[in-house]
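Biologist: I'm new to this one, so could you pick out a single part and take me through it closely? I'd like to start with the cavity and then see what lies around it and beyond.

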Amino acid sequence: MTEQKRRPQLVADHEALARTFHQPENEQSRNVLTKYMEQILFGLHDFLREHVGITEEIPLKELAAQFSSSTIARTPVKRLADVIAKIIEELAPQAVNVSSPYFIGHMTSAIPFFMVHLSTIVAALNQNPVKLETSKVVSVYERQVLAKVHRLLFNLDETFYETHIQRPESTLGSFVEDGTLANLSALWVARNRLLPATSGSVGAERDGMANALHDRGLRRVTILVSQLGHYSIRKSAGVLGLGYDAVTVIPVDRANRMDLNVLQRTLEEHCRDPETAVMAVIGIAGTTETGAVDPLPAIARICREFGVHFHVDAAWGGPVLLSERYGHLLKGIELADSVTIDGHKQFYLPMSNGMVFFKDPQAMDAVAYHAAYINRPGSVDLGIRSLVGSRAATSLVLGSALDIMGADGYALLIDHGIETARAFAEEINRRSMFELITAPELNILTYRLVPDGLRESKESNETISGESRLRMLNHVNIQIQRLQREAGNSFVSRTTLRRSGQPDTVVLRVVLMNPRTTPKILNAILDEQESIYLDSIAPSLRLKSLTP
């Protein structure tokens, strides 16, 4: 008799359903659940440790063919043990191993393994902290966690935090799903504070943008951000009814930071127009493409001059403040009106852990909502001033991580990333086949492979035009990134840098945040890129010099 025949048939009935909700009622059931957890904790951990590559080389079409069923079975088809085994043995090898020290292309990386335990606790408790009736102490705890990060950002005095940390009428910040919703929340507040409902005029939140603008004799509202700003800013402008063309892009200087002269002129121009109102200026503390930090103190000064809301998108760079060695790189963030942080980045948390903070504890009153069954006027529900209606208690993960790691533990991670990026930039400069495009300010850099035949040289007799040269270089680097990704041994991302006065340039982009990524690994990645070029790309190019 086969194993399948010996097993009792899986059924969906009240007895089976009850077992899925009850806690283990005896030693045998406890042992079964413990065995399952061992599979998850150690089976998955062993996979991540043994498979240092990025993913198995399986075409997406083949993967899609494996998952083409759209029918939900009427009866159960798998036991929990089988489901866990399938995920670990079949799905995980075909997913992207972001824990690999060779995965250095995106802002998603390895996390401390205790995060799995903390996330399990969050799932088991299943608290919804936006409502006191579904969380109680967790909501109180969340206020404390928000206050700790608020203090890291704004560093106000002890009296301020004693007053506001547990005051129901005060809101220091809010957890949301990610950096995109955090930016949206900040701009939502900025819009409503710019266009409030008063005794003399209608407001954008209740009466709509068209009525609020018409009532004030305005034609448009603008948001100013550097050209390296995250695309979530345009998304937010669309969602808030401004239209994404309301986002005015400010060029960057040679260091990829917002050009202050252009910012000043643009604000003067907008403020001279009686039909235009500036809603916010956004400084970036760690741009997505290059990791640059805008000149925050100067932007804050200009915003004060014009009376404009100053928002800092620190989704990437915010936790750098924990480093005593490099925290000064974010000087001026304390002058912001609002700040975004994305916890799954340099707080090394699992996904869905974004945060938005406001210096003014009453700022989020501009987006307060109430209902008869929850968030009632006078209640202490966190959801009164929040974009999200229901969410996991991710504050338990962040708060616990801060206790486990401490500021010094996080500083070790931050310092390692920044210093490894600087060492990698030096290695790129040492290699004749590569060209550093943007040096790292934090722990992100960009570079490209430039074959001898495509190098600029005053002594060169090469007749290739500048436009053709750039087109070929872009093609070479697109192919290198694609072929390296498909090989599955390592991963860097690529982007096209678009900067005013400069041609669009395809670059290879590296994000260094995995503490297991070493100079030896980075050298191996560059070696692989050189080999890919020489073996797979150079033979198809018609250049006078094809070898380094």
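Modeller: The largest cavity has a volume of about 180 Å³, and bear in mind that we're looking at a predicted model. If you set the bar at 30 Å³ or more, the structure holds one cavity.

What lines the largest cavity? There are 22 residues around it, and the ones nearest its centre are R143, L146, T171, G173 and L382. Sorted by character, the lining has nine nonpolar residues, eight polar ones and five charged ones. If you want to find your way there along the chain, look for α7 (137–154) and β1 (173–176), since each of them supplies at least two residues of that lining.

Stay with helix α7 for a moment, because E142 lies in it while R391 lies in the loop between β7 (354–358) and α15 (395–430). The side chains of these two residues meet in a salt bridge, at 2.6 Å from N to O. That pair ties together parts of the chain that are 249 residues apart in sequence. Are the two partners buried or exposed? Both R391 and E142 are buried.

The general idea is simple: side chains of opposite charge can pair when their charged atoms come close. The structure holds 21 salt bridges, so let's visit a few others.

One of them joins E275 and R219, whose side chains meet at 3.2 Å, N to O. E275 sits in the loop between α13 (260–272) and β4 (276–284), and R219 in the loop between α11 (209–216) and β2 (220–226), so here the parts tied together are 56 residues apart in sequence. What about their surroundings? E275 is partly exposed, because its relative accessible area is 37%. R219 counts as exposed, because its relative accessibility is 51% and the cut-off for exposed is over 50%.

R498 and D504 make a salt bridge too, with their closest N and O atoms 3.3 Å apart. D504 is partly exposed, having a relative accessible area of 37%. Salt bridges can also share partners, and in that way E427, R430, R431, D527 and E530 are joined into one network.

Helix α15 is also the place of N429. N429 counts as exposed, with 54% relative accessibility. Between N429 and Y447 there are 9.6 Å in space, C-alpha to C-alpha, and the two are 18 residues apart in sequence.

Now try A190, which you'll find in helix α9 (residues 179–194). A190 counts as buried, because its relative accessibility is 3% and buried means under 20%. How far apart are the C-alpha atoms of A190 and H309? They are separated by 6.5 Å, although the two residues are 119 residues apart along the chain.

Last stop, the surface. L33, F67, L80, V83, I87 and L91 make a nonpolar patch there of about 490 Å². Which helix gives the largest share of that patch? Helix α5 (residues 80–91) does, with four residues. L91 lies in that helix, and L91 is partly exposed, with a relative accessible area of 34%.

Note on methods: Residues numbered from 1 in each chain as written. Predicted model: local features only at pLDDT ≥ 70, side-chain atom pairs only at ≥ 80, totals over all residues. Heavy atoms only, no water. Patch = residues over 30% accessible without salt bridge, like charges linked within 9 Å, V, L, I, M, F, W, Y side chains within 5 Å. Areas by Shrake-Rupley, 256 points an atom, 1.4 Å probe, with all protein chains shown as cover. Salt bridge = Lys/Arg side-chain N within 4 Å of Asp/Glu carboxyl O. Buried < 20%, exposed > 50% of the residue type's maximum accessible area, 1.4 Å probe, protein only. 1 Å grid on protein atoms, 1.4 Å probe; cavity = no way out; pocket = protein on both sides within 12 Å on 5 of 7 lines; lining within 4 Å. Points joined across faces, edges and corners; volume = space filled by probe spheres on them. Nonpolar A, V, L, I, M, F, W, Y, C, P; charged D, E, K, R; others polar.
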